[in-house]
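User: I'm new to reading protein structures. Could you walk me through one, feature by feature?

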Amino acid sequence: MAHAANFAPQIKIPATYMRGGTSKGVFFSLKDLPEAAQVPGPARDALLLRVIGSPDPYDKQIDGMGGATSSTSKTVILSKSSKADHDVDYLFGQVSIDKPFVDWSGNCGNLSAAVGSFAISNGLVEARRIPHNGVAVVRVWQANIGKTIIAHVPITNGEVQETGDFELDGVTFPAAEVQVEFMDPAAEEEGGGSMFPTGNLIDQLEVPGVGTFQATMINAGIPTIFVNAADIGYTGTELQSAINGDPKALQMFETIRAYGALRMGLIANLDEAAKRQHTPKVAFVAKPANYVASSGKAIAAADVDLLVRALSMGKLHHAMMGTAAVAIGTAAAISGTLVNLAAGGVERNAVRFGHPSGTLRVGAEASLENGEWVVKKAIMSRSARVLMEGFVRIPGDSF
């Protein structure tokens, strides 16, 4: 056995462990990272993998800060904004649980709710922009996707107000409400710049070994492939256990995701899907129905406009990804999409959908401009809370 002194000691890095919406992650100020990890690249990825405890063949992330689900295997790097009229630059890294990579291809909508409060508490927002009592408007540049997010953070006596009575299904305890606005949520960079990269509100998606069925493929919030629950053998009332314990079902969803990504122009060939786990998402929709949420709470058909279940990082999500909620709200506002049809096919500027943990309301207003659908913003309420702050430790030679 080598003498222990031959191994590099642990280093400590200032970090904050935060919940945002129905997710949690490790937040860093860019300037606090070791120099090699202050720029994108293998050193940064290796550092974040070690912090979270990946890759883990046991799928538990015992030796790190991750919680062994897509909702808890997340990292955020924040810095003062390089963009005019913005306060903070927000970079999100979705850390793979079992593979050695960090996916930088999309945003985390849930953690977006925590960015504003971290930015205020860590001096990234100018003091003059923070009221002594009231609501601070934090202008966030989402660097992964090149979009603006506006977070409305409640302030009491000059400090971020985290406690409150706002209840969010999928989160155990109430907290203060944080309204988050996703500005111009439709993609510009990818898929040819259109909200609907195929040019259609509904396509026939052919998936070898699965079948051919209707799909709405949209770039808003995050690239998402929507299919009808009934077309793939589901009702839309499923909880996580119905799908996550079924390897055949998970393989089917991954195949749908790969062929959808190809149709959306997000990948050039099917092999690339494995290296791009975070995007696109796959979701299935159904008309309202009664079901019992994972907490035991009864959800009545009358409580919702439609049902949606979505997969993230290869598993059914316990609630709803914030970015996918933006896609849902956007698609619901556009007559003729599968999401809009499941919600009754009427024009609407807000939708309340049922997910495995309960319900969520998201607002979006769509308009046709020069033959293209345009959505100015999508809005939803989340909450956020610091769980722990101080230093995270990793071996000094692990990146």
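**Strand 2 and its neighbours**

Analyst: Sure. Keep in mind that this is a predicted model. Let's begin with strand 2, residues 23–29, which is mostly covered: 6 of its 7 residues are buried.

User: What does "buried" mean as a number here?

Analyst: A residue counts as buried when its relative accessible area is under 20%. In strand 2, 6 of the 7 residues pass that test.

User: How does strand 1 run relative to strand 2, parallel or antiparallel?

Analyst: For pairing, look for bridges: two strands pair if there are at least two between them. Strand 1 (residues 10–20) and strand 2 are joined by 5 bridges and run antiparallel. One pair to look up is tyrosine 17 with its bridge partner in strand 2, valine 26. Their hairpin has 2 residues between the strands, and glycine 21 takes a positive phi near 60 degrees there.

User: And how many bridges join strand 2 to strand 3?

Analyst: There are 4, and strand 3 (residues 74–80) runs parallel to strand 2. Between strand 2 and strand 3, the chain passes through helix 1 (residues 42–52), giving a right-handed β-α-β crossover. As for facing residues, serine 29 stands opposite leucine 78 in strand 3.

User: Now pockets. Which residues lie nearest the centre of the largest pocket?

Analyst: Think of a pocket as an open space with protein around it. Nearest the centre of the largest one are Ile97, Ser312, Met313, Gly314 and Lys315, out of 28 lining residues. The space in that pocket is about 670 Å³.

User: What is the lining made of?

Analyst: By class, it has 8 nonpolar, 14 polar and 6 charged residues. Helix 4 gives the largest share, 5 residues.

How values were computed
Residues are numbered from 1 along each chain as its sequence is written. This is a predicted model: local features need pLDDT of at least 70, side-chain atom pairs count only at pLDDT 80 or more; totals for chains, interfaces and linings use all residues. Side-chain values use heavy atoms; hydrogens and water are left out. On a 1 Å grid over the protein atoms alone, a cavity is a set of points where a 1.4 Å probe fits but cannot get out, and a pocket is an open set with protein on both sides within 12 Å along at least five of seven lines; lining residues have an atom within 4 Å of a point. Grid points are joined across faces, edges and corners, and a volume is the space filled by probe spheres set on the points. Ala, Val, Leu, Ile, Met, Phe, Trp, Tyr, Cys and Pro count as nonpolar, Asp, Glu, Lys and Arg as charged, and the others, Gly among them, as polar. Buried means under 20% relative accessible area, exposed over 50%, partly exposed in between (1.4 Å probe, protein chains only). A crossover is right-handed if, with the strands pointing away from the viewer, the path from the first strand over the helix to the second runs clockwise.
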